[in-house]
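Colleague: Please pick a single part of this model and look at it closely. Then set it in its wider surroundings, in words a first-year student can follow.

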Number of protein chains: 2
Amino acid sequence: MKAEIITIGDELMSGDVINTNFSWLAQRLWNAGFEVTWQSSCADRPEHMSEAFRRALRSDVVIVTGGLGPTSDDRTLQVAAETFDKEMVLADDALVAIKDRLGRIGREMNEAQRKQAYHPAGGVMFANLKGTAPGCRLEVDGTHFIFLVGVPSEMHEQWEREVWPFLQSIQDKPLAFQQKIYRCFGAPEAELEMALKNFSVPQLRLSYRLKFPEVLIKLACWADTVAEVNTAMAQGHELLLKQIGQHVYANDDETIEKLVGRLLQERGETVALAESCTGGYIANLMTDVAGASHYFKQGLVTYSNEAKQDLLGVKADTLEAEGAVSEAVALEMAAGVRERAGTTYGIGVTGIAGPDGGTEEKPVGTVHVALATPGGVKAKAYHFPYGRMYFKQTVTAVALHKLRRQLIKAE
Amino acid sequence: MKAEIITIGDELMSGDVINTNFSWLAQRLWNAGFEVTWQSSCADRPEHMSEAFRRALRSDVVIVTGGLGPTSDDRTLQVAAETFDKEMVLADDALVAIKDRLGRIGREMNEAQRKQAYHPAGGVMFANLKGTAPGCRLEVDGTHFIFLVGVPSEMHEQWEREVWPFLQSIQDKPLAFQQKIYRCFGAPEAELEMALKNFSVPQLRLSYRLKFPEVLIKLACWADTVAEVNTAMAQGHELLLKQIGQHVYANDDETIEKLVGRLLQERGETVALAESCTGGYIANLMTDVAGASHYFKQGLVTYSNEAKQDLLGVKADTLEAEGAVSEAVALEMAAGVRERAGTTYGIGVTGIAGPDGGTEEKPVGTVHVALATPGGVKAKAYHFPYGRMYFKQTVTAVALHKLRRQLIKAE
C-alpha cells in the first residue's frame, strides 16, 4: 500500500525548524510494509493545505501532522472538512478529555481550546495523552487520512497507541519485510555501482547512500511470507558479497568505531593514539562508543613539535631532517605512543589539514598514517585535498580501517 | 516571487536521512525575498519526479536537489528532459571539469561519471567545485528550475557561487535585506522567549533556533531601501541586547571555538587540554578552526588512571582518595597540562559520560571542569545526565565558555 506524509506549518517553510517528524514517520511506515511515495510540506494557508489534501487521494494512507492546536493558525481539520465537503461536528468524549486535561493543571477550558474537539463528520477522534489536541482519522474515497499533532513527543505517543494498530488492521495481509545495510569503505559510489550493475534479485530493492567517507548500500525486501523474504535476502546477500565483498566492512549500524572497539574488546587488546592534523577527531570518534574505556587508553593531540618530542619521544633529528609531516615522524609517533602507553596498538597521524601550511613538496592534504603493532610499525602516505573537515574525517576512517584490517588479519 | 523546493532520493523517503537541505534552502530563499510556498520530496522514480516537476510550474523558482550523481538511480536531469520534452545534450565544459577533477585524485572517468555532463537542451550547466556532479538551470514556461547536487557541502558551494547571483538577477526590484544571528549560551529557549515577549520593532522578524547546547536568535529585516533596513536593525539590536544581552556571546557564524581561537590569537596566548570523559571532543572542535596551531599546543585524552599520572602528573594519592571523577583530579589535570605544555591556559575535564560507570554518589552525567590560568586554577562541578553525545557537547561548551570569560575578563 502507498503512503504519503504531509507536514503543515509556517515554521517549516521558513527553514527555522528542521522537519524531523517526516523521517520519523517515514521509517515507521516503511517498516510496516507501506511504500512511502510522497512527502510535502506547506504553510498553514487554507488554499495550499486543500491542494495537498486533494492531491493525496492518490495514496492509500496519508499522515498529516500539524495544525491541530488551539490557535487561530491551527486549522487543519477545518480545511480538511471544507476540502471534502463535510460538516464540522463536536466529539463529546474529546471535549471531556480536553476539559479533564486542563482541569488537572488547574486551568479552565476557553473557546480556543474547545475548538479542538471539532472534527469532520464521519471521522474518528482519538486521544492525546500528552497534550490537549486530539488526533483524527478520516476516510475519503478509500484513502485513510490520519491527522496527528506536530509536537514530536505527543505525536509519537499517538502513533504507538492509535496509528500503528490501525495501520495493521487495514492491511489485508501485512507484507513481510526485512532490510540489511552493507557499510562500504575504500571505493567511491560510482565504482560500487559499476560492480553491481548486473545485480538483480526478484523482490529485492538496492539503494545507495553516501555517508562520507563511506557508502551505505541497502537491500530491502517485501514479500507475502517471511520465508520468501528470507530466501530473497539470502540470495541478495551472497550475490552482493561476491561482487563487492572486499569493500564491505560491516552491516547495519556497526560503524567503524564500533567494529574496531568490539574487535579490540573481544581480543582483550588496547590502543593509544598520537594525532596531529586530525586534532582529536579519531579519539573523539572512538570515545563516542559506550564502554570505550575498556580498550582506549589515551589519545594525544600533539600539534606542536615540542609535544611530539616530550610526549611521544619523536627525535629532534627526525623533525629537523624530515619535517613534522613525514613518514619518519608518523612512524615514531605510532611507536612512541604505543610504547609509552603500554598498549597493543599505536596509531600515529601527521599531515596538513589546510587551508594554510602547504608547500610545493608537501601540499595541503598530504598525510602519513602509521600503525604500530607487536610485530612492528608501518606507515603509508596519502593525499586528501578535500578541505579541513572532510580531510579529518577521511584520515580518521583510513586510520581506523588500517587497525581493523590488522585486527582481522590477526584473528 | 514564489519559490518551491523539491528534494529527491530514496534515502529521504525511507527516513534514513533527515532532510537538512530543505531548511537550509528555505532560509536562503526567504532571505533573498522569495516566499517559499511548497516543499516536496519523492523517491527517485521517474513517474513521481515527473509529477513533481509538472506541478512545480505553479512557482516562479524551483530548487531541485538530489539525483545528479553517477549512479543509475541518479536520473533527475533525464526525467526533467522527458517531462518537458527536451533532448539530453552533452556539455563539453562540464565533461572537461569532471575529467579534471577525477584526474587530480588519480582516477579515470568511467561511463557512469561521464553521464553527469548531460543535461536537458536549453539548460545551462554550472560547475561543482567540490565534487564531480555539475548543477543545471532550466527555464520552462517562465518557471526557473535550478538543479543542485544533494551532498550539502557541494550544494552550499554551488548556491553561493551560482544560484544566489542568478536569483538576484531575475528579481525586478530586489528588496533590501539584512539578518543578524545572536548566539546565546546558558539560558534555555523558553527563558529567552519570555525575556523577549515584548520585543517588537516594525519590519523586523525574530525567530529562534535551538542548536544544542546553544540557542540562536535571528533578527531579519526586509524593506524597500537599505536605509530603512539599517534603521530597523539598529533599533532591534539595541532592544535585544538590553533584554537578553548577558546570554549573547557572539554573532553570526562566530562559534565558540572560533571566538576563543580569535581571542587567544589576538593576545598571543596558548592553551593545552586534558580531557577524560569528553574523549577528544574539545580538541577536535578547537582544531576544526583553520590556524588553530597558532594557539592550540596539545590535547591529551587521558582515559586511564595511568595516563593521568604519567602524562599530567596527577598524584596517585589524589586518585586513590578522591577517585578519578573528582574536583581534585580536575584541578591537577588542568594545572598539570598547563605546566607541562608550557601554555598560558590549561583545561581539565573529568566525568562520567555514561551509560555505564555511574554510582549513587557520582551518577552518570557528573563532571568537573577546571581551568588553570597564570593566576591559579579553579574547578566547578556540573551534572548533565543527557546521554553520551549530548553530554560531550555540553561539557565542551561549558569548558570553552569558561575560557572565553577568562579571556574577556583579562582584556
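Modeller: The account below begins with one strand and then moves outward.

This is a predicted model, in which local features need pLDDT of at least 70 and side-chain atom pairs count only at pLDDT 80 or more, while totals for chains, interfaces and linings use all residues. Residues are numbered from 1 along each chain as its sequence is written, and chains are lettered from A and ligands numbered from 1 in the order in which they are written.

The chosen part is strand β15 of chain A, residues 345-351. Helices (H or I, at least four residues) and strands (E, at least two) are DSSP runs, numbered from the N terminus. Seven of the seven residues of β15(A) are buried, so the strand is largely enclosed by the rest of the structure. A residue is buried if 20 or more other C-beta atoms lie within 10 Å of its own, exposed if 12 or fewer, and partly exposed in between, with C-beta atoms placed from the backbone. A:Y345, A:I347, A:V349 and A:G351 point one way from β15(A). A:G346, A:G348 and A:T350 point the other way. Both sets are buried.

Now the partners. Two strands pair if DSSP finds at least two bridges between them. Strand β13 of chain A (residues 271-275) pairs with β15(A) in the parallel sense, over five bridges. Here A:E275 stands opposite A:V349. Strand β16 of chain A (residues 366-373) also pairs with β15(A), in the antiparallel sense, over six bridges. In that pairing A:G346 stands opposite A:A372.

Step back to the whole of chain A. It holds 15 helices and 17 strands. Of its 411 residues, 47% count as buried. Its radius of gyration is 28 Å, whereas a compact globule of 411 residues would have one near 22 Å. That radius is taken over C-alpha atoms, and the globule rule is 2.2 Å times the number of residues to the power 0.38. Along the principal axes, the C-alpha atoms fill a box of roughly 85 × 50 × 40 Å. Two residues are in contact if their C-beta atoms, placed from the backbone, lie within 7 Å. Among contacts in chain A with a separation of 6 or more, 64% join residues 24 or more positions apart.

Chain A also meets chain B. There, 56 residues of chain A are in contact with 62 residues of chain B. Several elements of chain A each supply at least two residues to its side, including α2 (20-31), β2 (35-42), β14 (296-302) and α15 (388-409). That side divides into 26 nonpolar, 22 polar and eight charged residues. Ala, Val, Leu, Ile, Met, Phe, Trp, Tyr, Cys and Pro count as nonpolar, Asp, Glu, Lys and Arg as charged, and the others, Gly among them, as polar. Strand pairing joins the chains too: β14(A) and β14 of chain B (residues 296-302) pair in the antiparallel sense over five bridges. A:T302 stands opposite B:Q298 in β14(B).

Last, one residue of chain B. B:E214 lies in strand β11 of chain B (residues 214-223). With 21 C-beta neighbours inside 10 Å, B:E214 counts as buried. Leaving aside neighbours within four places in sequence, B:E214 is in contact with B:R183, B:C184 and B:F185. B:Y281 is 67 residues from B:E214 along the chain, and their C-alpha atoms are separated by 16 Å.
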